[in-house]
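Hello,

Here is the structure I promised to pass on to you. Please open it alongside this message, and I will walk you through what turned up.

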Amino acid sequence: MIRRKRPVAGACALLAALTAGLAFPAGASAGEPTGQDAPKVNLVLDVSGSMRATDIDGRSRMAAAKQAFNEVLDATPEEVELGIRTLGANYPGDDRKEGCKDTARLYPVGPLDRTEAKTAVATLVPTGWTPIGPALLKAADDLDGGTGSKRIVLISDGEDTCAPLDPCEVAREIAAKGIGLTIDTLGLVPNVKMSRQLSCIAEATGGTYTSVEHQDELTDRVNELVDRAAEPVVTPVATEGAGSCAKAPVLKSGLYTDREEFGQQRWYRVELLAGQELRASVSVAADRAVRPDHGVLLRAVTVHGREIVRGEAAGNGRTDVLSTGLRYPKPERDDDDGDKPAAEVVCLAVTNSFSADSGVKTTPGLPLELTVDVVDGPDGADDVASFGLGRGWWLLGVLILTGFLAGLVWGWLSRWRVAVWRTN
């Protein structure tokens, strides 16, 4: 059975879009899909000694992984540049220092020669240690350069054996570089400790963790992740929020990135015409160790300081990303003078309550992604903003009326039954 664990927010950009239910218009001026460089995928395979275990459909874990790789190589889209890196494939000894260096590039990231890649995979034999942290660092270097999507797919059957280089901290460092690299992890016949570590690695970069116990599940999941890399990339636009609304940058529809210090408030401005609706969402990632209790607040405020609407989210340390969103529909004007209405300036304020222990670096600030979308508002926008019910008012009225009538009917039936009982 496959169990997928997604971050509260996951790839941050997608989590931001889902939070506010956004769909970018064709004319978006920021964060538009690019396709200039080919998407890149680096498959990182654990070839440690434990891969000899025969508990996947009666076959060894290594045999199941090889078959899955062969099927994935056959199905890889032509536009995807794919590479393969191993960990624990070459050093069979007991020297921990040497074992933790055991990661090698089996097939370089680039245009795929399926026959050559399959031949390389066929030579693998379960051998040594499980240096996940060092392998992730090298795999990220393999994907260096270019503006296309970058994805690492890590397949392992055990936790890292090379502490104190914590692979979860390595994943956070990779995320902090801002190179747009996502790490997805798959655990073969997992235990609790391994699942926790692989989940942490995936969440740090907005990826996913999948538990795998059958060979066909492994093939299907890796194929899905490779295909996902070929999807259009949305490139965020770097911006810098201000300390007040008056000095804030004006944003158009799009996806933006910024950095926010611990406990800081950042301001942005959006212009909104009558009859339009503002949809905004924000994701703040904890790319370093933070205290468990924290939160994110997104507010829409007028230039005079009156709060219009807010969205907020709280965390308890179990996830590395917090996301929230809001909607503000501006009603149509009632006058018919024909003059072009002036745009209303809406101030967006992002506040976080993250905190860190002494010794934790506070600079640069926490990574922040802000999604802004200005669309044509629904009919009766003033009603949509009321109590969050929108057009559900009529449904609420119908339910009240239905309940009233049902009560009358039930009361009449009850009295009739009592009357019949007394008569008999």
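In this predicted model, five strands make up an open sheet in the order 10-11-18-13-16, and the pairing is mixed. Its edges are strand 10 and strand 16 (321-329); each has a single partner strand, so one side of each is left without a neighbour in the sheet. Inside the sheet order, strand 13 (residues 276-285) and strand 18 (residues 366-376) run antiparallel and are joined by nine bridges. If you would like a spot to zoom in on, Gln 276 stands opposite Asp 376 in strand 18.

Another strand to look at is strand 15 (residues 307-315), where you will find Ala 313. Leaving aside residues up to four places away in sequence, Ala 313 touches His 294, Gly 295, Val 296, Leu 322, Ser 323 and Thr 324. For a distance to check in your viewer, take Ala 313 and His 294: their C-alpha atoms are 8.7 Å apart in space, with the two positions 19 residues apart in sequence numbering.

Now to the nonpolar cores. In general, nonpolar side chains of soluble globular proteins tend to be buried together. The largest nonpolar core here has 31 residues, and those touching the most other members are Leu 43, Leu 45, Ile 155, Leu 186, Leu 218, Val 222 and Val 226. At least two residues of this core come from each of strand 3 (40-46), helix 2 (61-75), strand 4 (81-87), helix 4 (114-122), strand 6 (150-156), strand 7 (181-188) and helix 8 (215-229). Which helix gives the most to this core? That is helix 2, with seven residues.

Leu 186 is a good place to start if you want to look at contacts one residue at a time. Not counting residues up to four places away in sequence, Leu 186 touches Val 153, Leu 154, Ile 155, Ser 156, Leu 198, Tyr 209, Thr 210, Val 212, Leu 218, Arg 221, Val 222 and Leu 225. Apart from the largest core lies another one, of 27 residues, which includes Leu 278, Ala 286, Ala 356 and Leu 370.

Helix 2 deserves its own paragraph. With 15 residues, helix 2 reaches 21 Å from its first C-alpha to its last, close to the 21 Å expected at 1.5 Å a residue. Its buried residues are Arg 61, Met 62, Ala 64, Ala 65, Ala 68, Phe 69, Val 72 and Leu 73. Looking down the axis of helix 2, you will see these buried residues within an arc of 165 degrees, so they line one face of the helix. They are covered by elements including strand 3, strand 4, helix 4, strand 6, strand 7 and helix 8.

Last come the disulfides. How many does a search of the whole structure find? There are three, and counting the bonded cysteines along the chain gives the pattern 1-2, 3-4, 5-6.

Cys 100 is joined to Cys 162, with an S to S distance of 2.0 Å. This link is left-handed, at -100 degrees about the S-S bond. Cys 100 sits in the loop between helix 3 (96-99) and strand 5 (103-110), and Cys 162 in the loop between strand 6 and helix 6 (167-176), so the pair ties together parts that are 62 residues apart in sequence. Cys 100 is buried, at 14% relative accessible area, and Cys 162 is buried too, at 6%.

Cys 168 and Cys 200 also form a disulfide, and their sulfur atoms are 1.6 Å apart. The torsion about their S-S bond is about -50 degrees, so this disulfide is left-handed. The pair links distant parts of the chain, 32 residues apart, with Cys 168 in helix 6 and Cys 200 in helix 7 (residues 192-204). Cys 168 counts as buried, at 4% relative accessibility.

Finally, Cys 245 is joined to Cys 347, with an S to S distance of 1.8 Å. Their link is left-handed, with -60 degrees about the S-S bond. Cys 245 lies in the loop between strand 10 (237-238) and strand 11 (254-260), while Cys 347 belongs to strand 17 (residues 344-352), so the pair ties together parts that are 102 residues apart in sequence. Cys 245 is buried, with a relative accessible area of 14%, and so is Cys 347, at 0%.

Enjoy exploring, and best wishes!

Methods: Residues are numbered from 1 along each chain as its sequence is written. This is a predicted model: local features need pLDDT of at least 70, side-chain atom pairs count only at pLDDT 80 or more; totals for chains, interfaces and linings use all residues. Side-chain values use heavy atoms; hydrogens and water are left out. A nonpolar core is a set of buried Ala, Val, Leu, Ile, Met, Phe, Trp, Tyr and Cys residues joined through side-chain atoms within 4.5 Å. Buried means under 20% relative accessible area, exposed over 50%, partly exposed in between (1.4 Å probe, protein chains only). Helices (H or I, at least four residues) and strands (E, at least two) are DSSP runs, numbered from the N terminus. Contact means heavy atoms within 4.5 Å. The expected span of a helix is 1.5 Å times one less than its number of residues. The arc is that of the directions from the helix axis to the C-beta atoms. A disulfide is a pair of cysteine sulfur atoms within 2.5 Å. Two strands pair if DSSP finds at least two bridges between them.
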